[in-house]
Amino acid sequence: MLRLTWRFWWTALLMLTLFRLGLVAWQWPRIEAVDGLWPVLIGGLRIDLVMIGMMIALPAGVGPFFGHFAIAEKITAWWLRVCWLLLLLLELSTPQFIAEYDTRPNRLYFEYLGYPREVFSMLWEGYRLVLVAAIVCLGLGVWGAFKLFMSGKPDVAIRWWLRPVVSVVLVLFCVGSIRGTLQHRPINASSVAFGQDAMVNALPLNGLWSVMNAAYLMQNEKSSFDMYGKLPIEEINQIVRRAAGIPEPMLDAYLPTLHAQTATVRRDRPLNLVLILQESLGAQYSKKLGGQQDLTPELDRLADDGWWFERAYSTGTRSVRGLEAVSAGFLPTPAQAVLTLPRSQSGFFTIAALLGRQGYYSRFIYGGEGHFDNMRSFFLGNGFNEMLDLPKFLAPKFVGSWGASDEDMFTELDRVLRQDTGRPTLTMAFSVSNHSPWEYPKGRIEPIGESASVVNTVRYADWAIGDFFKKARQAPYWDNTIFVVVADHDARVSGGLVPVRHFHIPALIIGPGVSPKSDPQIMSQIDLLPTLLSLMGIDTVHPMLGRDLTRAPANRAMMQFGDHYGYLQERPEGEKLVVLEPGKPARTLQFEMPDRYTTLDSDDQLEREALAHALWPSWAYHEQRYALPPAKSVR
């Protein structure tokens, strides 16, 4: 029993170290840039000892008493095999996970396990060789685990009076390994983080520790107060109301951000609204937004005909976060987006719930399965009247791993808009093509290089946008509809503590009475809905904290990057970025486009404003304070 435990200790440590050295070699330019070799290796040794200590604590503690029994030897052998294979599985998963998400496996590992068909289809179509290689390596690992931890001759019995002494020593060793430090608080991810590159900070972790830590930290999704610090609720509401330009006095003490918004435009009749959310279409792909390649010529041309935002920023790095911002105007949190959380499945504010009180019929169009990211439950529970997902599409021309192609989604959008008569409509449409494994119909574009690549899916997605708007301009609904084209997030976001350039996205408003202009102000996805309500000529009462950009510029944006929160604000002295990290003081940085950061002295006022905006959505969600009042109270 103790013999197997000792063998597991050193072989597991060796395996994890070798995997980490492989990652270091792969990511050497980024590690060298932050002088991170020894911090990664030493921090990795500490974290590995934590993980291994947890695995061997029980057999090490009881081994002196039971190690000489054959049954104890067999049970220990099976336990250590399972632990070995878990360590190996997560290490084998790590390289591809880093390639996709620029970090070690984290809570996304759990989130995607809920969609095995889509994930396996993606892996098989886009990463077949990687998947086969991982399965082969895992098979060899199974063989190795049985060879290394083969139950055989039990331990030699230890003298009875030495057993408690040996047990205590081994338990103390394990406890020390698990705590990882002699300081007041035990080791955690922040203990081994050392630079501004979040991916490099993740390398000292091992895959299994990272996933288990993510599972443990999911309890913190109950409140971001536990991650960033605290402020009095009254002060939080005062700060966010003032930043949003909400006048005093407060309309509703229970819904403190509820306020009246008077439209700056008057319309003779209600306009339809179409919100087009483009998958992973970052600003890096648009020549008009500084991209190195001209991959979105259709969108860039379309920008000349509408209100084009040069400095629009997403609130997060996943589609579900973009859906949250564009459908509900809700601020980001370190928790999962509200689409997937239990307290927001009904009675939560959305633009559909608001426009429903104005007589609008609302629908959501998505080329994939509506259950993904809990979209169907959230949207239908919060004001949307209809969900048109893949099973409801009429004869789609191309269906890939994630669903029907963008042109099929636009075909459905055009079809339902042409059928609308009488009552005004809200339609939110979400594309899927620009996602690994980069699948799209043939014959639409001439591929550049490898056909299955992000470059070509971006070009296809842009082609589909252009094709739709050519049809829409000739359609009867064109003169009565305002369109928004906005990305949910950038692709493969990576970089420092909060890589601002990877939150930069295209955003365009086009429609009747919308004057063409290129707007240089900093703005967020959350500013779109209040601005649209004004352009549509609708006077409303709502709880959104976004700015009506027809009245005043936003000049700020908020970004959630994993557990890091960024608050970017334009000031007379330049652009400042406040970064909040779990358990650490706020940092204030000077930001210069496209990707330059300079550390500044602490700015207490701005840091409190950033903290208030990070805390408010967590409080509003848990206390259920982001909603519309009863209909009679709005009139």
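I take two helix axes as roughly perpendicular when the angle between them falls in the range 65 to 115 degrees. I keep in mind throughout that this is a predicted model.

**Entry 1: α6 against α7**

I looked up the axes of α6 and α7, which come within 5 Å of each other and cross at roughly 105°; the two helices are therefore roughly perpendicular to each other. On the α6 side I noted Phe120, Leu123, Trp124, Glu125 and Gly126 as the residues making the contact, and on the α7 side Arg128, Leu131 and Val132. Sorted by class, this contact of α6 with α7 holds five nonpolar residues, one polar residue and two charged residues.

**Entry 2: the second largest pocket**

I then turned to the second largest pocket, for which I wrote down a volume of about 740 Å³. Its lining has 22 residues, and those that lie nearest its centre are Ser93, Tyr109, Val119, Leu123 and Leu131. Leu123 and Leu131 had already appeared in my first entry, where they belong to the contact between α6 and α7. Which helices supply at least two residues each of this lining? I found α4 (70-101), α5 (108-113), α6 (116-126) and α7 (128-148), and the largest share, seven residues, comes from α4. By class I recorded the lining as 19 nonpolar residues, two polar and one charged.

**Entry 3: α1 against α4**

Since α4 had come up in the pocket lining, I also checked how helix α1 (residues 2-26) lies against α4, and I found that their axes come within 11 Å and cross at roughly 5°. That crossing angle makes α1 roughly parallel to α4. The contact of α1 with α4 has, by class, 18 nonpolar, four polar and three charged residues.

**Entry 4: the sheet and α21**

Further along the chain I traced an open sheet of five strands, in the order β13-β14-β15-β16-β17, in which the pairing is antiparallel. Its edge strands are β13 (556-561) and β17 (596-599), each of which pairs on one side only. Neighbouring strands of this sheet are turned by 25° against each other on average, direction ignored. Within the sheet I followed one pair in detail: strand β15 (residues 574-580) is joined to strand β16 (residues 587-592) by five bridges, and the two run antiparallel. Here I marked Lys576, which stands opposite Gln590 in β16. Finally I looked at what packs on this sheet, and noted helix α21 (residues 604-622), which touches β13, β14 (564-571), β15 and β16, and whose direction makes about 130° with that of β14.

Notes:
Residues numbered from 1 in each chain as written. Predicted model: local features only at pLDDT ≥ 70, side-chain atom pairs only at ≥ 80, totals over all residues. Heavy atoms only, no water. 1 Å grid on protein atoms, 1.4 Å probe; cavity = no way out; pocket = protein on both sides within 12 Å on 5 of 7 lines; lining within 4 Å. Points joined across faces, edges and corners; volume = space filled by probe spheres on them. Helix = DSSP H or I, 4+ residues; strand = E, 2+ residues; numbered from the N terminus. Nonpolar A, V, L, I, M, F, W, Y, C, P; charged D, E, K, R; others polar. Axes fitted to C-alpha atoms, helices over the stretch in contact; angles between N-to-C directions. Parallel < 35°, antiparallel > 145°, perpendicular 65-115°, else oblique. Contact = heavy atoms within 4.5 Å. Pairing = 2+ DSSP bridges.
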